[in-house]
Each structure stands twice: as C-alpha cells, then as structure tokens.
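Open the model in your viewer and keep the selection box at hand. The stops below are meant to be taken in order.

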Amino acid sequence: MAAAGSSPSIVEYFGGEDGYRCGYCKNETGNLSHGMWAHSMTVQDYQDLIDRGWRRSGKCVYKPIMNQTCCPQYTIRCQALRFQTSKSHKKVLKKMLKFISRGDVSKVASEDEPMDSHIEDAVACDFAYKSESHVSQSELTSLSEDHTERVESEEKDAGETKEEVNVQKVESGSLQICTDKDTPVPGEPSRSTKIVHAPPKPGKGADLSKPPCRKAKDIRKERKLQKLLQNQMCTLGGSQLQTEDQDFLLQNSKSKTNQPKTIEDFVFVSLPDDAQHKLEVRVVRSSPPSSQFKATFQESYQVYKRYQMVIHKDPPDKPTINQFTRFLCDSPLEAENAPNGPECGYGSFHQQYWLDGKIIAVGVVDILPYCVSSVYLYYDPDYSFLSLGVYSALREIAFTRQLHEKAPDLCFYYMGFYIHSCPKMRYKGQYRPSDLLCPETYVWTPIEQCLPLLEHSKYCRFNQDMKAVDEGRIKELGRVRVLHKRTIMPYSVYKKGRKGPSDEASVQQYASLVGQTCSERMLLFRS
C-alpha cells in the first residue's frame, strides 16, 4: 500500500543480540532478540513485519527469539470491530464520565488491568540504544527510481556470456512527505481464523464457551414476558391483557430490540452544559513532527518525565529530552496518505489527552494499513485515579473503529506483546475478541485456543496443523534487495562482487526473519 513515490525501507540488520535484562522475570541476560536499525520504513513494510512478530522502539526494530528468551512475547491483536466492553471496562468508562460531568473523584483502586504502559517497549529502549546505527547519512541518500544503470556480474568461466542485472543508482533528493492533518478521525471485520473456544482449566476464570452471565432480574423479566405472550395466544376471543401487563409487555418488547451499549456509547456520549471538566483528545503527527507536535513538545515531555520518575521510579537524570525523543518521538515510518486511507494519514502519532486545557496523558501510536498499533502510554501521575491506562486503550480501540469508516482495511488494534509467563502481563488478553500470532507459521489464532497450551508450556506453536509451514518464508535468497555503495542490487549480484568473508549466513537469517516479501521490498544496507 506504499504511497506513490515513497522511498523504499532501508534497514541495517544486527543479528541476534546477546541476552539483556528481562523486564518481567528480572533475569539479567535472559531476554534474547534479533534486531535491526530502520533508517526509514514504509507503513506497509512495518505492517508486514509486525505480522511476523517484530516490534519497534524508536527506530530500532526487534523480534524476540521466542524459543530461547526467558519470557516469550507473543504479538497480540484485538478485533476492534467485534470488541465488547467487559464489566471492568465499563467501570473505567463510567468513572471518567462521572469525573468529567460531575467532578466525582473515586480514589478506590480499580480492578487491576494495568495497560498503564507497554513495559516491553520500555525494556527494548535500552536494547535500541545498544544497537543504534552509526552509518553516515551520505550513505543513505534518498532514492530516485528513475535513475538506473546496468551492472554486470563477473564471468564464471572464459567465454561465458556476462549476465546483466538491472540495479538502481542512489541520487540526492528529499523524501516525499505528506501534509499533516491533526484532526482526529478515530474502526473491521477480521481475516482471522474461525474461532473455536477451548474451555479453560478449573480456577482459571469464566468459561468462554458459554454466553456471558446475565442478571437474575433480566432473566425473570424475560420469563414473565414469555408467559404473557403464551397467555395472549391462549386467551379466548382475543380478550385483552390487563393494563399493567400490557405496559410491561410493550416496555420489554422495545427493550428486547435494544443492543448492548457499544464503546462509542460511553466514549462519545453528550455531556451536560454544566459539565465540571472538558476532555479533548488530539491526534498530532510526531514523525515528521507537525506544528502542533512542536508547539506542545515541552509540555508533553514534562508529563513523560514525571511519569517515569513517579511510576517507574527513574532517577531525575534518566528521562532526558534526548531519551524521550529517541524512544517515543523518533520513528522510521514515513508519513503516507492514500485516497482510501484515514484523513490523518498513516505513520506515527501522539494521541494527546487534554483536560481543561492541559495535557494529562499521551498515547504513542502507529497508524498502519490494517491496524492501529499501540507503542506506549504515559500520563500525569496526579490522575492515576482515572485508570488512564485502561481508558486510553479503550479510546484507541474506539479510534480504530472510527478510522475504519474511512479506511475499510484498517480493522485491528495491536497491543504489543502478550506475555503469559508473567501474570501481571496477562491483562491484554482481557480485550476480546483477540488473537495471538503463531511464532512458527505466523498465522493468527484465537486466544481461547492458545491459553490452555500456554498453561503447559511458555513457548508454544499455536498452529495445530503440524504440516503447516511459514507461507512467507524465504525461497530465493538471491532476490533479497541490497543497498551497497549507494547502489541497489539483488543479493546474487552483491555476493559475486563481495570481497572478504562470506556474509551469506547473516543475510539468510535476516531474510528468514523478515520473509520473502519484505526482503524483496526493503533494502538491506551493506557497508
């Protein structure tokens, strides 16, 4: 879905990094990942990468080594168009409405559903710094698709005809940047597999194969309604029901047609004129930074700094402007607009929550062809009583549903990683319906099918078809695209002209991790 004229993605693969500290089990060397530095990346390439288990932290793109890392991290997505608010979700939404309309402040701790920040990305922040590229920008000059030249491969034997391969020469020029539109345009049917509910083990929660519980009062009303209808059918001569029963029947026949409240009924409800507070959510492009983003940068940073110090106990000198910028503002994603895309465009954004004229929370998100991907959330600790972690997740789901109205393919809400081996990180599974990504075949599997497997083993292949393979696997290594000395060429040509030790094993590993499609679209930088 790359926009016309957009430059190809340029990545620098580092391979599997040495183990670093795990933010979940605190193992000092147990967290193992593959990593690459993304100098630039199209939204379609990143969409395809996260559908193969990759995530980004700033410009670092990493993929956990699932069968080796201490706490396997499974990519999780919520089917936003089918999302149903749970009882605890409704409590959070109602609490916010009461606070805005009447100023009610509930200091009672809400049911623990953190969603306060995406810890895996905070942990990966250190990994990103360790893996940062030091390639000069002159070696990564923007590409012109019009300028090409023919590069001949070396002759294998005397008399053999030379093989000619088209390669593209890098020229100077600027990236095409779409105009920023900061109007929030917060919606999808899923291409997911058929959902089959597996009953959870005893003591592990509600049986998801059964319908949700209903109040006894509602069940009694339904029984009375059915009885009245039966009596009406049996009444001789069509005699009328008593007035009281008629009213009951009329009232309940109407309510029966009413649908359960959607998330929009809570989020976009009309407030009274005398509401105590005003909450506004603004979507501003963070990369490249829009004028609105620049104007609010300092205020946003101060919220982040206080959040890190109070919530994550960082010392005052750790959450610097430089760290904030590299972690949450810098992004390799190119801004793109499309006729059938969202009005704000695709790319990286900050979703700012303004309460009475000041920022109290910021959700960092990527808007991609098929999803809204949540990156991080930080908020003013003074407003912890509003359960802003859960509230922002629900707002981002509503935002996804709203974007879907203009961009029909945009259907999912990606919540980062689901870590079953860490009980505190299981809360993401409460946003239903949701799917987990099989780490071997990269097919989406309903979470209900995955949970029983994860109870027995922290690393699992979710695809139960043992004959199934990764359909996107690398099939032709020679077709991997390489950027070498400002020239684009297939790996087969680069390999023949390369001097020194072979790098085929590294390129093979890279291609197997990103898949055939991305390996043929993205440019693998080789010095």
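The tour goes from two helices to ring pairs, salt bridges and a few backbone details.

This is a predicted model, in which local features need pLDDT of at least 70 and side-chain atom pairs count only at pLDDT 80 or more, while totals for chains, interfaces and linings use all residues. Residues are numbered from 1 along each chain as its sequence is written, and side-chain values use heavy atoms, with hydrogens and water left out.

**Stop 1: helix 8**

Select residues 297-310, which make up helix 8. Helices (H or I, at least four residues) and strands (E, at least two) are DSSP runs, numbered from the N terminus. The 14 residues of helix 8 should span 20 Å at 1.5 Å a residue, and the end C-alpha atoms are 20 Å apart, which agrees. The expected span is 1.5 Å times one less than the number of residues.

Now colour the buried residues of helix 8: Phe 297, Ser 300, Tyr 301, Val 303, Tyr 304, Tyr 307 and Gln 308. Buried means under 20% relative accessible area, exposed over 50%, and partly exposed in between (1.4 Å probe, protein chains only). Look down the axis of helix 8: its buried residues fall within an arc of 160°, so they line one face of the helix. The arc is taken from the directions from the helix axis to the C-beta atoms.

What do the buried residues of helix 8 pack against? Show helix 7 (291-295), helix 9, strand 9 (347-355), strand 10 (358-367) and strand 11 (371-379) to see these partners. Contact here means heavy atoms within 4.5 Å.

**Stop 2: helix 9**

Select residues 321-329 for helix 9, where Gln 323, Phe 324, Phe 327, Leu 328 and Cys 329 are the buried residues. Seen down the axis of helix 9, these buried residues fall within an arc of 165°, so they too line one face of their helix.

**Stop 3: aromatic rings**

The structure holds 18 aromatic pairs. Rings of Phe, Tyr and Trp (its six-membered ring) pair if their centres lie within 6.5 Å; planes under 30 degrees apart count as stacked, over 60 as edge-to-face and the rest as tilted.

Select Tyr 62 and Phe 417, an edge-to-face pair with 6.3 Å centre to centre and 70° between the planes. Tyr 62 is buried at 1% relative accessibility, and Phe 417 is buried at 0%.

Return to the helices and show Tyr 304 with Phe 324: the ring centres are 5.0 Å apart and the planes are at 35°, so the pair is tilted. This pair links distant parts of the chain, with Tyr 304 in helix 8 and Phe 324 in helix 9, 20 residues apart. Tyr 304 is buried at 0% relative accessibility, and Phe 324 is buried, also with a value of 0%. Add Phe 293, Phe 297, Tyr 301 and Tyr 378 to the selection, and you have the cluster that ring pairs link together with Tyr 304 and Phe 324.

**Stop 4: salt bridges**

A search of the whole structure finds 18 salt bridges. A salt bridge is a side-chain nitrogen of Lys or Arg within 4 Å of a carboxyl oxygen of Asp or Glu.

Select Asp 366 and Arg 56, whose side chains meet in a salt bridge (2.8 Å, N to O). Are these two residues buried or exposed? Both Asp 366 and Arg 56 are buried.

Next, show Arg 526 and Asp 503, a salt bridge with the closest N and O atoms 2.9 Å apart. The pair links distant parts of the chain: Arg 526 lies in strand 17 (residues 523-526) and Asp 503 in the loop between helix 12 (491-497) and helix 13 (504-521), 23 residues apart. Arg 526 is buried at 13% relative accessibility, and Asp 503 is buried at 8%.

For a partly exposed case, select Glu 280 and Arg 282, which meet in a salt bridge (3.3 Å, N to O). Glu 280 has 31% relative accessibility and counts as partly exposed; Arg 282, at 32%, also counts as partly exposed.

**Stop 5: backbone details**

Most residues other than glycine have a negative phi, and most peptide bonds are trans. Select Ser 287 and Pro 288: the peptide bond between them is cis, with omega near -10°. Pro 288 is in the loop between strand 8 (279-287) and helix 7.

Finish at Lys 485, where phi is near 50°, a positive value in a residue other than glycine. Lys 485 sits in the loop between strand 15 (481-484) and strand 16 (487-490) and counts as exposed at 67% relative accessibility.
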